[in-house]
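Hi everyone, thanks for coming. Today I'd like to walk you through one protein model, going from the whole chain down to a few side chains. Have a look at the picture first.

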Amino acid sequence: MDWDKLRIFHAVADAGSLTHAGETLHLSQSAVSRQIRALEESLDTTLFHRHARGLILTEQGELLFDATSAMIRRLDTAAARIRDSEEEVFGELRVTTTTAFGTLWLAPRLPALYEKYPDLKIDLMLEERVLDLPMREADVAIRMKEPSQADLIRKRLMTVKMRMYASPTYLEQNGTPASLEDLSNHRLICQNTDAAQVSAGSRLVQELLTHDVRSTLTVNNYFGVLQAVLNNLGIGVLPDYLTEDFPEIIRVLPDVESNEVPVFLAYPEELRHSKRIGAFRDFVVEEIFAYRKRQKEAL
């Protein structure tokens with residue numbers, strides 16, 4: 001297919017109007033219309049429903065618009081990478097990690113990165129699903145397990161353990177458990193064992209639930225668990241990296257914790273020389289190093 005026609009089609013679909021697309025492309029309405037008709041003829045399909053108030057994509061048009069959108073994103077990303085220089089760090093960087101780590105640890109530290117590189121455009125994608133880096137669903141990932149793909153560069157950042165925490169107010173009102181058996185007198189706040197999470201956290205929750213817990217609140221991410229703990233609803237199972245930014249929460253049953261969960265940073269081999277990747281990697285490593293140092297000094 002002719003790229004010029006696809007580019008014009010994308011502009012029309014995005015604007016919903018031949019006139020507005022023509023203004024964006026610096027083409028006349030008739031020229032835009034001719035290109036759309038030619039594209040429809042080459043595909044032997046109708047791409048738009050014509051209405052007095054504008055154009056609406058047909059089902060076939062929606063499929064083509066999805067494809068051109070992906071193509072344009074890839075081209076924009078490629079152009080930004082080509083413009084990378086040794087002196088400058090700018091452009092889009094798509095970062096994926098879990099909802100908890102992204103909201104509770106990474107996002108609060110990003111101001112320091114933007115201060116150093118104000119022209120970065122970070123797209124932070126927070127979800128438990130593991131995005132496919134080689135297929136370019138993201139540029140860099142922070143994952144709670146070692147990536148399995150062979151064509152990824154990976155760096156182990158730190159380890160995390162799931163532990164039990166509560167607010168001072170909750171413990172004042174309900175008492176502090178001295179043993180696992182005492183959990184029968186408390187509300188446990190945790191992720192559902194069927195929810196997407198690290199296996200070490202799930203196993204810890206399964207063990208805790210064997211102790212006749214009288215009340216539970218399950219949330220599908222640790223951000224929600226933390227909010228419930230801060231609002232005095234019960235004892236929550238949370239990752240230990242929260243304690244630095246939320247020093248008010250109190251660890252409960254300090255002998256109870258999950259196995260270690262490794263945290264890895266990974267990105268595709270082909271992005272080894274990307275300045276944006278390098279800047280983000282170095283930033284995260286420096287923040288982790290500073291975090292570890294503060295943790296040791298606090299002991």
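I'll talk about the overall build, then the nonpolar parts, then the salt bridges. One thing to keep in mind throughout: this is a predicted model.

Okay, so the overall build. The protein chain has 10 helices and 12 strands. How spread out is the chain, by its radius of gyration? Well, that radius is 25 Å, and the globule rule for 299 residues gives 19 Å, so the chain is more spread out than a compact globule. If you line things up along the principal axes, the C-alpha atoms fill a box of roughly 80 × 45 × 35 Å.

Now, what share of the residues is buried? The figure is 47% of the 299 residues. And if you take the contacts with a separation of 6 or more, 74% of them are between residues 24 or more positions apart. On the outside, the accessible surface adds up to about 15,800 Å², with 49% of that belonging to carbon and sulfur atoms.

Let's go inside. The largest nonpolar core has 65 residues. The ones with the most contacts inside that core are Leu106, Ile142, Met164, Leu208, Leu238, Tyr241 and Phe280. Which element gives the core its largest share? That's helix α10, residues 275–298, with 7 residues. Apart from this core there's another one, of 18 residues, and its members include Leu6, Ala21, Val32 and Ile36.

Let me zoom in on Leu238 for a second. If we skip the neighbours within four places in sequence, Leu238 is in contact with a whole list of residues, among them Met162, Tyr165, Tyr222, Val225 and Ile249. Lys161 and Arg163 are on that list too.

Not everything nonpolar is tucked away, though. Trp3, Met71 and Leu75 make a nonpolar patch on the surface, and together they have about 260 Å² of accessible area. Trp3 sits in helix α1, which covers residues 3–15. Its relative accessibility is 32%, so Trp3 counts as partly exposed.

Right, on to charges. A quick reminder: side chains of opposite charge can pair when their charged atoms come close. How many salt bridges does a search of the whole structure find? There are 18.

We can stay in helix α1 for one of them. Arg7 pairs with Asp4, and their closest N and O atoms are 3.9 Å apart. These two are 3 residues apart in the helix, which means about one helical turn separates them. Arg7 is partly exposed at 34% relative accessible area, and Asp4 is partly exposed as well, at 41%.

Compare that with Arg109 and Glu287, where the closest N and O atoms are 3.8 Å apart. Why does this pair tie together distant parts of the sequence? Because Arg109 is in the loop between α5 and α6 while Glu287 is in helix α10, the bridge links parts that are 178 residues apart in sequence. Arg109 is buried, with a relative accessible area of 9%.

One more pair: Arg129 and Glu137, with closest N and O atoms 3.6 Å apart. Arg129 is partly exposed at 48%, and Glu137 is partly exposed at 34%.

Last point, and it brings Arg109 back. Salt bridges that share partners join Arg109, Glu244, Asp245, Glu287 and Arg294 into one network. That's my tour, thanks for listening!

Definitions and conventions
Residues are numbered from 1 along each chain as its sequence is written. This is a predicted model: local features need pLDDT of at least 70, side-chain atom pairs count only at pLDDT 80 or more; totals for chains, interfaces and linings use all residues. Side-chain values use heavy atoms; hydrogens and water are left out. A nonpolar core is a set of buried Ala, Val, Leu, Ile, Met, Phe, Trp, Tyr and Cys residues joined through side-chain atoms within 4.5 Å. Buried means under 20% relative accessible area, exposed over 50%, partly exposed in between (1.4 Å probe, protein chains only). Helices (H or I, at least four residues) and strands (E, at least two) are DSSP runs, numbered from the N terminus. Contact means heavy atoms within 4.5 Å. Patches are made of residues with over 30% relative accessible area and no salt bridge: like charges are joined within 9 Å, nonpolar side chains (Val, Leu, Ile, Met, Phe, Trp, Tyr) within 5 Å. Accessible areas come from the Shrake-Rupley method with a 1.4 Å probe; for residues, only the protein chains shown count as cover. A salt bridge is a side-chain nitrogen of Lys or Arg within 4 Å of a carboxyl oxygen of Asp or Glu. The radius of gyration is taken over C-alpha atoms; the globule rule is 2.2 Å times the number of residues to the power 0.38.
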